[in-house]
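Work through the exercises below with the structure open. Try each task before reading its solution.

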Amino acid sequence: MDFRENTVSDGFLMIKSAEKKVSAKGMTYLDLMLCDKESEISAKLWDYKEEVQGMFEAGNIVKIRGTVSPYNGVDQLRIERIRKVVPTDNVDPADFVPSADIGGEEMFSELIGIAEGFKDEEIKAVVLSIYNDYKEKLLFWPAAFRLHHAIRGGLLYHTLSIVRLAQSVCKVYPSVDSDLLIAGAMLHDIAKTDEFVVNDSGTASGYSLEGNLIGHLAKGAMIIEKAAEKLNISENVKLLLQHMVLSHHGEPEFGAAVKPMFLEAELLSELDLMDARIYELTEAIGNAAEGEYTNKMWALDNRKFYNHGRQDVSTKAKLF
């Protein structure tokens, strides 16, 4: 669908999230996040009447007519007409799900192979046990509701990107405990499998009750606790892995339970931030014409970034 500003466009999109709200003036409206395989956009259906337009929820594919205009520096789609798809539209749902460039089974197999190569038998046992327990979700789970890697398979894609970065860091700095750093990378977001409500398409429609009340850092530490108890893992190894999960957001203001307190924990925090930022920048720059700027990016201090056109940004990461 064409998302150029001030242009009336129509086409098919998938609803990523939908919430009925009431404006300050008492008008009922539908607040939507819409997406296709390439991008997503916030949308509003004003003067919404469920008995007239129908009911919409995450995972629905809809045909929309509307106009894109900037709102607080971000493009927003004002919907004029909307309906759910019908069989005669000949729409394939797979065409509307943004996905990782690599299949889940391939990424999972690669990560398992890396874990099997760990020299530390306790770290190896914990990682393999947790990954086997969560395999079904890991194969297609997104890494976020919005922002970085919010795509089908995004969780493993993000994880494998960091693991690759960690392997390179360990080659440059032999003082780094490679088993510990890579295990932390593999486990740092494992509890996102419990944090989001995800439909069969592999996109998140929101946060689960557990995600809102506990969050993936605390739940990740709980998962490690359970695995360590089952496998009779030493207290030291368990605490090191838990600390990496609890501290990987770096600062308490960004959600970290504690700040990183050893080398591998600090490295994991930096690599996680690096991968997330590169992904978001690549996405944004890819949507800006050569010689133009991106929209202001809230997650990056409301800065806008210049597309110098010297490199193709269509490929986010080359993992294989």
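**Exercise 1. Two residues with positive phi**

Task: classify Asp301 as buried or exposed.

Solution. Asp301 has a relative accessible area of 62%. Compare that with the classes: buried is under 20% relative accessible area, exposed is over 50%, and partly exposed is in between, with a 1.4 Å probe and protein chains only. Asp301 is therefore exposed. Now place the residue: Asp301 sits in the segment after helix H11 (263-286). Helices here are DSSP runs (H or I, at least four residues), strands are E runs of at least two, and both are numbered from the N terminus. Last, look at the backbone. Asp301 is not a glycine, yet its phi is positive, about 60 degrees.

Before going on, note the ground rules. This is a predicted model, in which local features need pLDDT of at least 70 and side-chain atom pairs count only at pLDDT 80 or more, while totals for chains, interfaces and linings use all residues. Residues are numbered from 1 along each chain as its sequence is written, and side-chain values use heavy atoms, with hydrogens and water left out.

Task: where does Asn232 lie, and what is its phi?

Solution. Asn232 belongs to the loop between helix H9 (216-231) and H10. Its phi is near 60 degrees, a positive value in a residue other than glycine. Its relative accessible area is 68%, so Asn232 is exposed.

**Exercise 2. Helices H2 and H3**

Task: describe how H2 packs against H3.

Solution. Two packed helices are described by the angle between their axes and the distance between the axes.

1. Take the numbers. H2 (residues 104-116) and H3 (residues 121-133) pack at about 160 degrees, with axes 9 Å apart. Axes are lines fitted to C-alpha atoms, for helices over the stretch in contact, and angles run from 0 to 180 degrees between N-to-C directions.
2. Name the arrangement. Under 35 degrees counts as roughly parallel, over 145 as roughly antiparallel, 65 to 115 as roughly perpendicular and the rest as oblique. H2 and H3 are therefore roughly antiparallel to each other.
3. Add the hand. The crossing of H2 past H3 is left-handed. Left-handed means the near helix is turned anticlockwise from the far one by less than a right angle; right-handed means clockwise.
4. List the residues. Phe108, Leu111, Ile112, Ala115 and Glu116 in H2 meet Lys124, Val127, Leu128, Tyr131 and Asn132 in H3. Contact means heavy atoms within 4.5 Å.
5. Sort them. The contact of H2 with H3 has 7 nonpolar, 1 polar and 2 charged residues. Ala, Val, Leu, Ile, Met, Phe, Trp, Tyr, Cys and Pro count as nonpolar, Asp, Glu, Lys and Arg as charged, and the others, Gly among them, as polar.

**Exercise 3. Helix H6 and its partners**

Task: how are H6 and H10 oriented to each other?

Solution. The axes of H6 (residues 178-187) and H10 (residues 235-247) come within 9 Å and cross at roughly 50 degrees. H6 and H10 are therefore oblique to each other. H6 passes H10 in a right-handed crossing. From H6, Leu180, Leu181, Ala183, Gly184 and Leu187 meet Leu240, Leu241, Met244 and Val245 of H10. The classes are 8 nonpolar, 1 polar and no charged.

Task: do the same for H5 and H6.

Solution. Here the axes come within 9 Å and cross at roughly 165 degrees. H5 and H6 are therefore roughly antiparallel. Their crossing is right-handed. H5 contributes Thr159, Ile162, Val163, Ala166, Gln167 and Cys170, and H6 contributes Ser178, Leu181, Ile182, Ala185 and Met186. The contact of H5 with H6 has 8 nonpolar, 3 polar and no charged residues.

**Exercise 4. Leu156**

Task: which residues does Leu156 contact, leaving aside its neighbours within four places in sequence?

Solution. Leu156 lies in H5 (residues 154-172). Its relative accessibility is 0%, so Leu156 counts as buried. Its contacts are Gly104, Met107, Phe108, Leu111, Tyr131, Leu138 and Leu139.

**Exercise 5. Tyr279**

Task: how far apart in space are Tyr279 and Leu147, C-alpha to C-alpha?

Solution. Start with the setting: Tyr279 is found in H11. Its relative accessible area is 7%, so Tyr279 is buried. Tyr279 and Leu147 are 132 residues apart in sequence and 8.9 Å apart in space.
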